[in-house]
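Me: Could you walk me through reading a contact between two chains, and then the charged pairs and empty spaces that go with it?

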Amino acid sequence: MQAIDLKPLMESAVAEVLESMYFISSEGEVQDEEDSVRPDWIRGELEFAGTPGGTFGIAVPPSTAALMAANFLGEDEIDPTDKQTVEVVCELTNMVCGTLLAQIDSKQAFTLSTPRHVLPGTESPMKSGRIEGTYATDEGLVYTWLELQATA
Amino acid sequence: MAYNVLIVDDSPGMRKVIKKMLGQSGFLTEQCLEAGDGLEALTVLAKERVDIVFTDINMPNMNGEELMERISVTPDYQHLLVLVVSTDRSEERMQRMLALGAKGYVTKPFVPRTLGYALTKMTARCA
């Protein structure tokens, strides 16, 4: 696989999914220290197998996640439950990862694991080479990260 | 004509969204059934009359590709119209699902008109 600049692909994958399924506009990457991930953010994570394989994750503040869940589920879910909110973040993880992988290699069928909710304090240690970005949206921040397995 | 539909996806939220988008697209459904994975889908198919199956691919227990394989070799299910709704938009996967007998493929994320268009195209072609 050719070396690809993954940062812009990640940003466009986030924007595409947020706009079409959550009716949220992405306003680009932010880099202020105060915008970094906090322990109470809701996290979804999954592994993918392919060439390359790796891990992908998303974290969003609880208030943003609740708004996303309400937008995603529709007008009859003005006040989604915590369970629904977590499920919606996991589905967001799934869709952004799928969109990103298609941009990396549109021919290859990657296999994605079922996204899981990562509880505070149980996060995997960050590996070197992590590609990450925090994006401002009209409903709050969205943090995404990608770690690729080293290929021979 | 109103169709009996089965939505197979491990995300309850996504099942709800597909159901909602079906309504918004103007597609007529008589009954809208749900299953959380391929195994549950086979249980529903054994009991209920279904015309159209919407299936995700990445699911626990039995994924969408395995479900499609089972449908393709079961004589009672040859009338089923299967529309794949998945985050996987690779050519390899699409070709594999279509070769197994899927009649359409919609990638997530999608908007209601995409789903409506795929359904109309699929039902018109298979009428």
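Me: Let's start with the contact. How many residues does each chain bring to it?

Reply: Keep in mind that this is a predicted model. Chain A contributes 25 residues to the contact, and chain B contributes 25 residues as well.

Me: What area is buried between chain A and chain B, and what do carbon and sulfur atoms give?

Reply: About 2000 Å² is buried between the two chains, with 52% of that given by carbon and sulfur atoms. On the side of chain A, the residues that lose the most area to chain B are A:M21, A:F72 and A:A109, which together account for 22% of what that side buries.

Me: Now the charges. How many salt bridges are there between chain A and chain B?

Reply: The general idea first: side chains of opposite charge can pair when their charged atoms come close. Here, two salt bridges are counted between chain A and chain B. B:R89 forms a salt bridge with A:E16, and their closest N and O atoms lie 3.3 Å apart. If you widen the view to polar contacts, nine residue pairs turn up across the interface, both partners being at pLDDT 80 or more.

Me: Which elements of chain A give two or more residues to the side that touches chain B?

Reply: They are α1 (6-21), α2 (62-73), α3 (82-104) and β4 (111-112) of chain A. The largest share, seven residues, comes from α3(A). Sorted by class, that side of chain A has nine nonpolar, 10 polar and six charged residues.

Me: And empty space? How many cavities of 30 Å³ or more does a search of the whole structure find?

Reply: Rolling a probe the size of a water molecule over the atoms shows where empty space is left. In this structure, the search finds one cavity of 30 Å³ or more. The largest cavity holds about 70 Å³ of space. Its lining draws on both chains, including A:G98, A:L101, A:D105 and A:F110 from chain A, and B:T87, B:D88, B:R89 and B:S90 from chain B. So you meet B:R89 again here, the residue that pairs with A:E16.

Me: Which element gives the largest share of that lining?

Reply: That is α3(A), with three residues. By class, the lining has four nonpolar, four polar and three charged residues.

Me: How many salt bridges are there over all chains?

Reply: The count over all chains comes to 15. One pair to look at is A:R116 with A:E45, whose closest N and O atoms are 2.7 Å apart. This pair links distant parts of the chain: A:R116 sits in strand β5 (residues 116-118) and A:E45 in strand β2 (residues 42-49), 71 residues apart.

Note on methods: Residues numbered from 1 in each chain as written. Chains lettered and ligands numbered in written order. Heavy atoms only, no water. Contact = heavy atoms within 4.5 Å. Buried area = accessible area lost by both parts, 1.4 Å probe. Salt bridge = Lys/Arg side-chain N within 4 Å of Asp/Glu carboxyl O. Polar contact = N/O pair within 3.5 Å; in protein donor to acceptor, adjacent residues only side chain to side chain. Helix = DSSP H or I, 4+ residues; strand = E, 2+ residues; numbered from the N terminus. Nonpolar A, V, L, I, M, F, W, Y, C, P; charged D, E, K, R; others polar. 1 Å grid on protein atoms, 1.4 Å probe; cavity = no way out; pocket = protein on both sides within 12 Å on 5 of 7 lines; lining within 4 Å. Points joined across faces, edges and corners; volume = space filled by probe spheres on them.
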